[in-house]
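Visitor: I have not seen this structure before, and I would like to be led through it slowly. Could you show it to me first, and then take my questions one at a time?

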Amino acid sequence: MTEQGIRLGRLLFYDPVLSGDSTQACASCHIQNLAFSDSRPFSEGIRGLKGNRHAPAIVNPAWTGDTFWDGRAHGLEDQATKPVPNEIEMDLPWTTAIARLTRHKTYPRLFGEAFGDKRITRERVVMAIAQFERTFVSFNAKYDRVRRGEDTFTPEEQAGYKIFTTEIGDCFHCHQEPLFTTNTFHNTGLDSVVVDRGRFDVTGNPADMGKFKAPTLRNCMDRFVFEHDSRFSLREAVEHYNHFYDGPDVDPLIRVRLTRRPMREGEIDTLMTFLGTLSDSEYLTNPALSDPYRP
């Protein structure tokens with residue numbers, strides 16, 4: 001990572017130049033004040049076309065492992081190659097994208113500053129975007145300040161933390177500290193009949209049918225919709241994992257909930273209070289991560 005590479009990646013992340021009709025940028029579906037997620041149930045690409053999944057939040061992506069809900073991309077560079085030529089998302093062949101950037105009045109100079117010469121390639125484009133995304137570091141929520149000894153939980157927040165990290169809530173299996181995700185894939189009992197095959201379409205392994213990546217819960221209170229298909233609010237998601245469909249393919253880590261009593265409404269309220277301590281307002285407003293084209 002270099003300052004020049006990060007600066008270039010930031011410009012590319014927010015620039016619609018990489019879409020066929022110059023209307024879509026990475027930032028169109030990854031909005032900073034929503035923890036770089038999307039407020040729409042199904043993210044919209046070029047010409048208003050909709051996919052069948054919600055754009056996941058981007059929080060601490062340097063530690064994200066395989067990306068997309070189904071893990072079909074291996075790391076940030078691989079992920080960044082996918083949306084540009086995708087017919088629903090940005091619909092621009094990479095050859096055309098490179099030619100467009102090469103003719104641009106400022107990008108050749110910026111690539112030269114970042115990589116030592118003005119040659120523009122797909123590999124360099126995604127390397128720059130990935131460099132910028134690796135600066136998406138959220139580490140100053142109240143939770144973090146408590147961990148550093150700079151703050152303390154209220155009694156209710158402490159009680160919610162206990163629910164989160166014990167068998168009362170069973171959240172910690174898939175949302176482990178400090179990232180609040182394990183970057184692993186699970187069938188969480190969303191459907192009695194699988195609608196979206198998820199991880200199976202990547203691996204072909206029947207054991208992966210209906211599995212999706214466990215998202216980070218950092219900044220979860222700052223997002224609108226949850227699950228790959230946006231079916232839940234945050235509260236509804238918590239309630240789902242309190243009472244869920246139990247089929248033969250449901251992950252054992254999820255099914256173990258059925259062996260314990262469900263959380264009571266008051267306990268869910270307390271858990272939600274703790275989840276509020278994962279909000280990092282500095283991350284959501286950090287000017288170094290903001291749109292460089294806006295004053």
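The questions and answers below go through some helices, cores, spaces and backbone details of this model, which is predicted.

Visitor: Which residues of helix 3 are buried, and which exposed residues does the face turned away from them carry?

Guide: In helix 3, which spans residues 94-103, the buried residues are Trp94, Ala97, Ile98, Arg100 and Leu101. Looking down the axis of helix 3, one finds these buried residues within an arc of 160°, so they line one face of the helix. The face of helix 3 turned away from that buried side carries the exposed residues Thr95 and Arg103.

Visitor: Which helices do the buried residues of helix 3 pack against?

Guide: The partners come from both earlier and later parts of the numbering, and they are helix 1 (3-14), helix 2 (76-81), helix 4 (107-115) and helix 5 (122-133).

Visitor: How many residues does the largest nonpolar core have, and which elements give two or more residues to it?

Guide: The largest nonpolar core has 36 residues, and those with the most contacts inside it are Leu8, Leu12, Phe13, Leu18, Tyr107 and Val125. Tyr107 can serve as an example, since, with its neighbours within four places in sequence left aside, Tyr107 is in contact with Leu8, Leu11, Leu12, Asp15, Val17, Leu101, Ile120 and Tyr293. The elements that give two or more residues to this core are helix 1, helix 3, helix 4, helix 5 and helix 12 (281-285).

Visitor: How many residues are in the second, separate core?

Guide: Among the residues of this second core are Phe180, Leu190, Ala237 and Met272. Met272 is also one of the buried residues of helix 11. The second core, separate from the one just described, consists of 22 residues.

Visitor: Which helices do the buried residues of helix 11 pack against?

Guide: Helix 11 (265-275) has as its buried residues Glu267, Ile268, Thr270, Leu271, Met272, Phe274 and Leu275. These buried residues pack against helix 6, helix 7 and helix 9.

Visitor: Which residues of helix 7 are buried, and which are exposed on the other side?

Guide: The buried residues of helix 7 are Glu157, Gly160, Tyr161, Ile163 and Phe164. Seen down the axis of helix 7, they fall within an arc of 160°, so they line one face of the helix. What covers them includes helix 6 (142-147) and helix 11. On the other side of helix 7, the exposed residues are Pro155 and Lys162.

Visitor: Where does Pro178 lie, and what kind of peptide bond joins Glu177 and Pro178?

Guide: Pro178 lies in the loop between helix 7 (155-165) and strand 3 (185-186). Most peptide bonds are trans. The bond that joins Glu177 and Pro178, however, has an omega of about 0°, and it is cis.

Visitor: Is Asp170 buried or exposed?

Guide: Asp170 lies in the loop between helix 7 and strand 3, and its phi is near 60°, a positive value in a residue other than glycine. Its relative accessible area is 8%, and because a residue under 20% counts as buried, the word for Asp170 is buried.

Visitor: What is the relative accessibility of Asn219?

Guide: Asn219 lies in the loop between strand 4 (212-213) and helix 9 (234-242), and its phi, too, is near 60°. Asn219 counts as buried, with a relative accessibility of 0%.

Visitor: How far apart in space are Gly71 and Phe185?

Guide: Gly71 lies in the loop between strand 1 (66-67) and strand 2 (73-74), and it counts as buried at 0% relative accessibility. Leaving aside neighbours within four places in sequence, Gly71 is in contact with Asp66, Phe185, Arg199 and Val202. Gly71 and Phe185 are 114 residues apart in sequence, while in space, C-alpha to C-alpha, the distance is 8.2 Å.

Visitor: How much space lies in the largest cavity?

Guide: The residues that line the largest cavity include Asn187, Leu190, Asp191, Phe212 and His228. By class, the lining has 4 nonpolar, 5 polar and 2 charged residues. The space in this cavity is about 90 Å³.

Visitor: How much space lies in the second largest pocket?

Guide: This pocket is lined by 14 residues, of which Tyr14, Ala27, Ile31, Asp291 and Arg294 lie nearest its centre. By class, its lining has 6 nonpolar, 5 polar and 3 charged residues. The space in the second largest pocket is about 310 Å³.

Methods: Residues numbered from 1 in each chain as written. Predicted model: local features only at pLDDT ≥ 70, side-chain atom pairs only at ≥ 80, totals over all residues. Heavy atoms only, no water. Buried < 20%, exposed > 50% of the residue type's maximum accessible area, 1.4 Å probe, protein only. Helix = DSSP H or I, 4+ residues; strand = E, 2+ residues; numbered from the N terminus. Arc of directions from axis to C-beta. Contact = heavy atoms within 4.5 Å. Core = buried A, V, L, I, M, F, W, Y, C linked by side-chain atoms within 4.5 Å. 1 Å grid on protein atoms, 1.4 Å probe; cavity = no way out; pocket = protein on both sides within 12 Å on 5 of 7 lines; lining within 4 Å. Points joined across faces, edges and corners; volume = space filled by probe spheres on them. Nonpolar A, V, L, I, M, F, W, Y, C, P; charged D, E, K, R; others polar.
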